[in-house]
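Got your viewer open? Let's take a walk through this one, selecting a piece at a time and looking at what is there.

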Amino acid sequence: MKRNTARNVSLGLLVLTMAFMACNKGETSAATEQQDSEVALTPVIAAEETTATAAVAAAAKVKSPVPGYGISYPYGVKNPRYAAGYHTGDDYASPTGTKVVAVLDGTIAWSNNNGGAYGRWIGLRASNGRDYVYCHLSVRSVSAGTKVVAGQKLGEVGATGNVTGPHLHFEDRPKGGGYGQVRKPSW
Ligand SMILES: [Zn+2]
């Protein structure tokens with residue numbers, strides 16, 4: 001009888017302990033899940049906001065005339081190799097065939113293979129009254145007179161004219177401006 005009581009008490013304690021542990025475990029996993037979902041939710045919301053902001057920014061402004069590529073050799077560097085004595089545009093080094101796009105809405109002022117040192121080139125007369133010049137192209141996808149919108153493909157990067165490798169040489173001139181009538185490209 002004594003042993004049975006002891007066993008019953010032990011069993012009772014065991015059951016209680018297990019129940020307590022199970023309960024604790026339940027709370028712990030509930031807490032963990034809650035924490036996890038908070039952690040998971042935060043970046044998701046942040047990512048959605050970032051994407052929305054980026055989409056608005058992309059619609060408002062084209063970041064680069066060569067999407068995905070930044071300036072590899074900047075405007076204004078003094079170099080006697082150039083007739084103007086300095087680099088008259090921004091260079092975007094990128095593989096031949098990479099698309100170049102209109103940085104603003106506008107009309108194509110010229111598109112031909114007669115750029116000389118600039119090879120196959122395109123002039124975009126933009127909505128801000130400036131001429132943006134795309135040089136050394138391999139492919140021209142638009143012709144003079146074509147109306148284009150910001151972000152629209154104009155052609156493809158190449159190595160035509162006087163170059164050491166494929167890149168876009170990109171100039172910002174006043175309307176009708178010639179060689180050397182340039183400013184640091186902005187739009
Ligand atoms: Zn250049």
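The stops below go from the whole chain to the sheets, then the core, and then a few single residues.

**Stop 1: the whole chain**

Start with everything shown, and keep in mind that this is a predicted model. Colour by pLDDT if you can: the mean for the protein is 81, and 68% of the residues reach 70 or more. Now select residues 11-48. Here pLDDT stays under 50, and the model has zero contacts for this stretch beyond four places in sequence. Where pLDDT is low, the predicted coordinates should not be read in detail. Hide that stretch if it gets in your way.

Switch to cartoon. You should find one helix and nine strands, and reading along the sequence gives α-β-β-β-β-β-β-β-β-β. Of the 187 residues, 25% count as buried. If you draw contacts between residues at least 6 apart in sequence, 59% of them join residues at least 24 apart.

**Stop 2: the six-stranded sheet**

In what order do the strands of the six-stranded open sheet run? Step across and you meet β1-β9-β5-β4-β3-β7, with antiparallel pairing. The edges are β1 (90-93) and β7 (147-148), each of which pairs on one side only.

Now select β5 (130-137). Is this strand mostly covered or mostly open? Covered: eight of its eight residues are buried. On one side, β5 pairs with β4 (120-126) in the antiparallel sense over five bridges. To see the two strands facing each other, show Leu124, which stands opposite Tyr132 in β5. Follow the chain round between the two strands and you are in a hairpin with three residues in between, where Gly129 in the turn has a positive phi of about 85 degrees.

Next, add β9 (167-174). β5 and β9 pair in the antiparallel sense too, over six bridges. Two pairs are worth showing as sticks: Tyr134 has Phe170 in β9 as its bridge partner, and Cys135 has His169 in β9.

**Stop 3: an odd phi in β5**

Stay in β5 and pick His136, which sits in this strand. What is the sign of its phi? Positive, at about 70 degrees, although this residue is not a glycine. His136 counts as buried because 25 other C-beta atoms lie within 10 Å, and the cut-off for buried is 20 or more.

**Stop 4: the three-stranded sheet**

Select β2 (99-101) and β8 (residues 153-156). They belong to an open sheet of three strands in the order β2-β8-β6, paired antiparallel. β2 and β6 are the edge strands, each pairing on one side only. Between β2 and β8 there are three bridges. For a landmark, show Val100, which stands opposite Gly155 in β8.

**Stop 5: the core**

Keep Val100 on screen, since it leads to the next selection. The largest nonpolar core has 22 residues, and those with the most contacts inside it are Val100, Tyr134, Leu154 and Leu168. Show these four as spheres. Strands β2, β4, β5 and β9 each supply at least two residues of the core, and β5 gives the largest share, with five.

Which residues does Val100 contact, leaving aside neighbours within four places in sequence? Among them are Tyr134, Leu154 and Leu168, along with Pro65, Val66 and Leu137.

**Stop 6: two far-apart pairs**

Zoom to Thr146, in the loop between β6 (139-140) and β7. Then show Thr107: the two are 39 residues apart in sequence but 5.6 Å apart in space, C-alpha to C-alpha. Not counting residues up to four places away in sequence, Thr146 touches Thr107 and Ile108. Is Thr146 buried or partly exposed? Partly exposed, because 15 other C-beta atoms lie within 10 Å, and that category falls between 12 and 20.

For the last selection, go to Gly177, in the segment after β9. Its partner to show is Asp131: 46 residues separate them in sequence, and 7.5 Å in space, C-alpha to C-alpha. Gly177 is partly exposed as well, with 16 other C-beta atoms within 10 Å.

Technical notes. Residues numbered from 1 in each chain as written. Predicted model: local features only at pLDDT ≥ 70, side-chain atom pairs only at ≥ 80, totals over all residues. Core = buried A, V, L, I, M, F, W, Y, C linked by C-beta atoms within 7 Å. Helix = DSSP H or I, 4+ residues; strand = E, 2+ residues; numbered from the N terminus. Contact = placed C-beta atoms within 7 Å. Pairing = 2+ DSSP bridges. pLDDT = per-residue confidence, 0-100.
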